[in-house]
Amino acid sequence: MKSLNYKYTIITSLIIAFLFSFNLFAQEEDASNYRMRFNLKTIKQHDNSRLLEASFIGQNKKDRKDRIPVFDAEIAFYNGTDLLGIAKTSNEGIAQLIVPENQIYTTDEDGYINFIAKFEGSDGLDEEEDDIQVKDLFLELNLEEIDSVKTVLVTAFTIDSLGVKTPLEEADLIISINGMISKMILEEGTIEDGEFEFEFPTDIPGDANGDIMVYSIIEDNDDFGNLIQQKSINWGTFKTESVKDGNTLWSEAAPIWMYIVLTILLVGVWANYVYTAINLFKIKKEGQEIALAAEKELEQ
Amino acid sequence: MENNKNDKKSTNRRNFLKLGLLSSVTAVAGASLISNLAVQDEEVAESGEKMRLLTPDGKIVEVDATNVNQYPEALVTPEESREGIPNRKFVMVIDLAKCKNARKCVEGCQKAHKLDYNEEFMKVQLIQDNPEASPYWLPKPCFHCDEPPCVTVCPTGATFKREDNIVLVDNDRCIGCKFCITSCPYSARQFNWGHKEKFDDKSQPYSPETSVPAAEGTVMKCDFCPDMLRQGKLPHCATSCPMGVIYFGDKNEDIVTNGEETVRFSELIKDRGGYRHLEHLGTKPNVYYLPAVNRQFPLERGFDVEEDIIERYKDVPFVQDLKKQGKI
Amino acid sequence: MNLENRKRELAREFSPMLEKTTKTSKIWIGFLIAVILVGVYAFFVQLFKGHIVTGMRDNVVWGIYIINFIFFVCLSYSGAFISGVLHFFKTPWKNSVSRIVEIITVLSLIVGPIFILLCIGRLDRLHYLFIYPRIQSPITWDIIAIMTDLIGCFIYLYLTFIPDFAILRDHSENASKWRQKVYKYLAIGYQDTPTQREKLHKITRTMSAMVIALAIVAYSVLAWIFSLTLQPGWNSSIFAPYFIIAGLYSGISVIIIAMYLIRKYYHLEHYIRKVHFIGAGIVLLVISLLFGYFTFSEYFSRWFSHKLSDANLLNTLFTRYFWMFIFANYIGVLVPIAILFFKKLRTIKSITFAAVIAVIGLWFNRYLIVVPTLESPYLPIQDTREEFVHYTATWIEWSLSFAGVAAFILFFILIMKLVPVIPMSGIIDNEREQKKVKKSFKKIVTE
């Protein structure tokens with residue numbers, strides 16, 4: 001823990017140095033023309049932990065497309081008056097805090113949890129605060145083959161202080177699967193009386209092992225915020241194409257016949273060169289012998 | 001001790017990125033990590049690319065993008081880049097009905113690959129199939145063919161076909177014979193004719209996956225942005241297009257996305273009559289086009305660009321007609 | 001010792017050509033060196049500034065460098081081909097021209113590849129061709145073919161030089177010391193004994209056959225660089241034979257021009273006679289008919305079937321390149337045919353004129369194969385900056401081209417200073433043969 005602190009101090013000090021250094025040559029401009037957008041969002045994740053996300057972005061009053069994220073601002077997250085944690089905004093203006101599953105929240109009499117995100121304010125920026133009230137909902141995702149029909153079953157319920165489960169009355173639900181770049185929506189439906197059933201398509205390839213990650217998502221619900229539940233299952237029809245491209249024109253190694261023909265041609269030609277060279281040496285040898293003989297004759 | 005730990009962490013992440021296993025969720029969570037690490041880096045040279053940020057003090061500052069956005073963390077060396085991302089077969093689908101020559105794909109690509117104003121990996125052509133047909137805008141990246149003639153003719157293996165369908169150029173290996181340029185029937189390749197200052201900027205180590213920095217006397221082309229794909233993000237042209245013209249994805253998982261909607265690749269091609277350009281050449285491209293039917297914009301909207309860009313289409317008969325009528 | 005006397009006589013006859021340098025030839029050499037120096041300067045400009053100094057751009061990536069490359073390399077292959085044929089079939093009048101042909105072969109094979117090097121963006125990485133070879137690439141085949149051919153031609157040329165070196169070694173008492181040494185070394189103890197002569201004849205003959213085969217393979221490989229691509233103007237199955245014929249067309253023309261110049265400046269009227277010109281002229285006639293036939297077939301089939309891309313190409317050829325097309329493919333073929341066809345028109349000068357027309361026409365024919373094709377690709381050239389659309393060669397490219405021609409001529413002159421341009425051994429062989437014929441003829445008569 002100590003080393004972690006140490007690390008963070010280094011990072012922070014570097015950040016500060018860094019901010020100062022670019023202040024020197026950056027054109028100074030303040031945020032007076034910008035209206036600050038400060039939003040809090042909560043997402044209950046598949047492991048029942050909760051992600052709190054505050055986005056802090058300045059929007060030009062005249063040109064609405066001109067948006068500048070606030071970088072490195074300290075955001076404090078509260079449950080009522082209890083501090084949950086502090087996070088800094090990224091270069092996209094987003095601060096995130098993950099609250100573990102075992103966190104016990106204080107709720108109001110209707111069972112709502114109150115979340116607050118706060119920016120303390122500085123010389124140039126006003127104090128910002130946003131809050132949301134959500135009920136703690138439990139989303140369960142079950143993937144079953146019922147009479148060999150691949151079925152997605154979703155149940156949603158709340159648990160009151162006495163531990164009694166109450167099915168959710170109604171909420172919009174999205175079923176999607178994961179893609180490499182983004183999730184693909186398979187079905188948009190409604191949970192009624194805490195249940196939703198969906199027949200899973202039979203021709204989704206999934207990944208190389210045929211595994212598919214299935215998500216059930218409740219988005220921007222007034223009472224529950226965002227919830228996401230996920231489960232992986234081997235329902236994919238992916239066929240591993242083990243057929244590797246052999247020797248082709250465009251692979252690294254050429255088709256075998258090309259090597260054979262090239263070798264035959266080269267060996268043929270070079271054999272002839274060698275043959276010529278050998279004969280030249282023979283001629284030379286004979287010439288030397290003649291020269292030697294002539295010399296001997298002269299000597300005699 | 002501390003440093004070691006850090007290194008380990010970043011190499012782990014690096015390997016992670018190389019494997020292309022990063023799901024979109026982790027990628028978002030990782031964004032802040034990248035920025036933190038970037039700040040720690042002491043030797044960051046300027047890329048010239050600026051990014052505007054607000055400080056907590058309410059000051060607007062322009063910072064060099066390399067300081068907050070660092071590529072090389074996931075640097076893939078030329079040798080490593082010869083292996084594709086496992087089990088992927090990348091495809092692009094371009095919806096011609098939505099294209100209005102806004103040229104954002106061109107600009108986004110130029111920015112990401114540090115190309116000059118006049119250098120385009122992505123070109124937008126004005127095609128008229130026959131005299132009666134209505135012309136349409138055709139964004140033309142590299143088609144990343146399955147049987148690429150450019151790779152066949154390369155004498156040194158500087159350009160290569162990966163298992164994930166991507167055709168890349170390794171400009172460390174390229175000798176600049178230009179044979180690949182002449183053998184590409186789609187004119188997708190460019191050559192670096194002279195020296196430019198940007199080639200000397202070594203702040204970002206060279207990787208064929210980013211095509212940056214380019215090198216004099218070598219060939220370059222559209223690379224499908226594998227560096228983005230490894231992070232689970234779309235190529236730059238697809239993210240910059242305001243119309244969602246460009247869909248990109250993995251044919252193996254049969255999913256393509258343009259950033260807004262995510263659809264089944266096979267269904268898109270089936271329902272919208274997808275085709276490949278100049279199919280008869282037998283190169284088997286991996287870029288598909290959806291025909292320009294039920295268009296969302298009139299063609300003339302595409303001339304809402306700068307004068308010198310319009311000049312680039314002056315040889316098209318249709319443009320000559322428009323000019324005669326005084327419409328441009 | 002009749003033979004020795006004759007050898008001495010010949011050596012004396014040719015020695016002025018080897019040892020004396022006239023004033024005009026000095027001026028010529030000076031001029032050629034100047035042209036080469038300009039070329040060297042241009043080369044350094046290109047080396048330091050990059051290919052930006054040439055007229056080549058993204059669409060037309062190959063310019064007159066590659067045209068010169070094909071031109072010279074084809075010239076060389078045709079030289080090898082012709083010389084191989086002359087030796088192999090023991091053509092009667094071969095002696096006067098064979099050495100000219102051999103020198104042309106080797107020199108153009110040295111000059112040609114320099115032009116392909118000029119085309120390469122990264123000369124510092126040339127060795128990658130051997131470190132990371134890919135044998136699917138026609139360029140790799142071409143490199144192998146050129147290198148093999150170059151070595152083969154050198155060996156072959158050397159074989160034909162040996163007897164002359166021997167004669168020069170034995171009979172150049174007046175020559176300078178270094179010359180004697182060089183001759184002695186290069187003659188490798190050749191004494192013209194029957195066994196030596198037989199061995200040399202045998203290997204020269206096999207090498208001549210080899211050189212013919214090599215030339216055909218190398219020609220085809222060169223043509224394949226173009227015809228194996230998908231480009232509209234290149235993707236043609238007749239390109240390989242077309243290149244062979246085109247090469248022979250330029251080859252024979254250059255030989256005729258060289259014969260004319262050598263005959264005139266070295267006063268060799270006794271050896272290079274009108275019969276040689278007429279013989280070469282008739283061969284040129286045959287080749288020009290073949291060349292015209294191939295050119296016609298090539299463009300005719302494109303015009304008749306008029307695929308869109310082919311039609312575009314022809315449209316470019318007949319608009320932007322109209323006069324060049326007329327010159328290259330009409331005048332460049334029909335004028336030589338017209339001159340050579342009529343017996344009365346066949347004089348030394350007119351045959352040489354036909355050859356000059358043929359060479360220039362063929363160079364433009366090559367230009368039309370390379371440049372317009374690159375200017376009319378499958379997808380129309382659009383969305384490209386204006387200056388990238390068309391090609392015009394810059395002074396850098398021209399001066400390097402002329403430097404190449406100058407180097408070719410200069411080396412030719414220098415080689416002629418080392419060995420006689422008419423093989424002395426060949427003259428002796430000829431006389432020997434004639435005597436044999438006479439003897440047997442006498443025998444027949446007396447019997």
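A residue counts as buried here if 20 or more other C-beta atoms lie within 10 Å of its own, with C-beta atoms placed from the backbone. Keep that cut-off in mind. The model is a predicted one.

**Stop 1: a covered strand in chain B**

Select residues 123–127 of chain B. This is strand 4, and 4 of its 5 residues are buried, so by the cut-off above the strand is mostly covered. Now add residues 136–140 of chain B, which form strand 5. The two strands run antiparallel and are paired over 5 bridges. To check the register, pick Lys123(B): the residue opposite, in strand 5 of chain B, is Lys140(B).

**Stop 2: Phe160(B)**

Move to residues 159–161 of chain B. They make up strand 6, and Phe160(B) sits in that strand. Is Phe160(B) buried or exposed? It has 23 other C-beta atoms within 10 Å, so Phe160(B) is buried. Show its contacts beyond four places in sequence: Arg82(B), Val151(B) and Leu168(B). Then draw a distance from Phe160(B) to Pro205(B). Their C-alpha atoms are 20 Å apart, with the two positions 45 residues apart along the chain.

**Stop 3: a cis proline**

Stay in chain B and centre on Pro213(B). The peptide bond that joins Val212(B) to Pro213(B) is cis, with omega about -10 degrees. Pro213(B) belongs to the loop that links strand 8 (189–191) with strand 9 (219–221) of chain B.

**Stop 4: the nonpolar cores**

Next, colour the buried nonpolar residues. The largest nonpolar core holds 227 residues. Which residues have the most contacts inside it? In chain B they are Val93(B) and Ile246(B); in chain C they are Cys74(C), Ile100(C), Leu222(C), Ile255(C) and Leu284(C).

Zoom in on Val93(B). Leave out its neighbours within four places in sequence. The residues in contact with Val93(B) are then Tyr247(B), Val256(B), Phe265(B), Leu268(B), Gly274(B), Tyr288(B) and Leu290(B).

A second core is separate and has 27 residues. Select Leu40(A), Val70(A), Phe71(A) and Ala73(A), which are among its members. In soluble globular proteins, nonpolar side chains tend to be buried together.

**Stop 5: two domains in chain A**

Colour chain A by its domain assignment: domain 1 covers 31–135 and domain 2 covers 137–233. Over C-alpha atoms, the centres of domain 1 and domain 2 of chain A are 27 Å apart. Where the domains meet, domain 1 gives 10 residues and domain 2 gives 11 residues.

Which elements give two or more residues to the domain 1 side? They are strand 1 (34–44) and strand 8 (128–135) of chain A. Strand 1 of chain A has the largest share of that side, with 4 residues. By type, the domain 1 side divides into 3 nonpolar, 4 polar and 3 charged residues.

**Stop 6: two loops with positive phi**

Both picks here are in chain A.

- Asp147(A): find this residue in the loop between strand 9 (137–146) and strand 10 (149–159) of chain A. Its phi is near 50 degrees, positive in a residue other than glycine. Asp147(A) counts as exposed because it has 5 C-beta neighbours inside 10 Å.
- Asp193(A): go to the loop between strand 13 (183–192) and strand 14 (195–199) of chain A. Phi is again positive, about 50 degrees, and Asp193(A) is not a glycine. With 11 C-beta neighbours inside 10 Å, Asp193(A) counts as exposed.

**Stop 7: chain C as a whole**

Zoom out and show chain C alone. Its secondary structure is 15 helices and 0 strands. Along the principal axes, the C-alpha atoms of chain C fill a box of roughly 85 × 50 × 45 Å. Why is a radius of gyration of 24 Å in agreement with a compact globule? Chain C has 447 residues, and a compact globule with that number would have a radius near 22 Å, so the value agrees.

Buried residues account for 46% of the 447 residues. Take the contacts in chain C with a separation of 6 or more: 83% of them join residues 24 or more positions apart.

**Last stop: where chain C meets chain A**

Bring chain A back. The contact uses 20 residues of chain C and 19 residues of chain A. On the chain C side, select helix 6 (138–171) and helix 8 (194–227), which each supply at least two residues. Helix 8 of chain C provides the largest share, 9 residues. The chain C side divides into 10 nonpolar, 9 polar and 1 charged residues.

Key:
Residues are numbered from 1 along each chain as its sequence is written. Chains are lettered from A and ligands numbered from 1 in the order in which they are written. This is a predicted model: local features need pLDDT of at least 70, side-chain atom pairs count only at pLDDT 80 or more; totals for chains, interfaces and linings use all residues. Two residues are in contact if their C-beta atoms, placed from the backbone, lie within 7 Å. Ala, Val, Leu, Ile, Met, Phe, Trp, Tyr, Cys and Pro count as nonpolar, Asp, Glu, Lys and Arg as charged, and the others, Gly among them, as polar. A residue is buried if 20 or more other C-beta atoms lie within 10 Å of its own, exposed if 12 or fewer, and partly exposed in between; C-beta atoms are placed from the backbone. Two strands pair if DSSP finds at least two bridges between them. Domain bounds come from an automatic or database domain assignment. The radius of gyration is taken over C-alpha atoms; the globule rule is 2.2 Å times the number of residues to the power 0.38. A nonpolar core is a set of buried Ala, Val, Leu, Ile, Met, Phe, Trp, Tyr and Cys residues joined through C-beta atoms within 7 Å.
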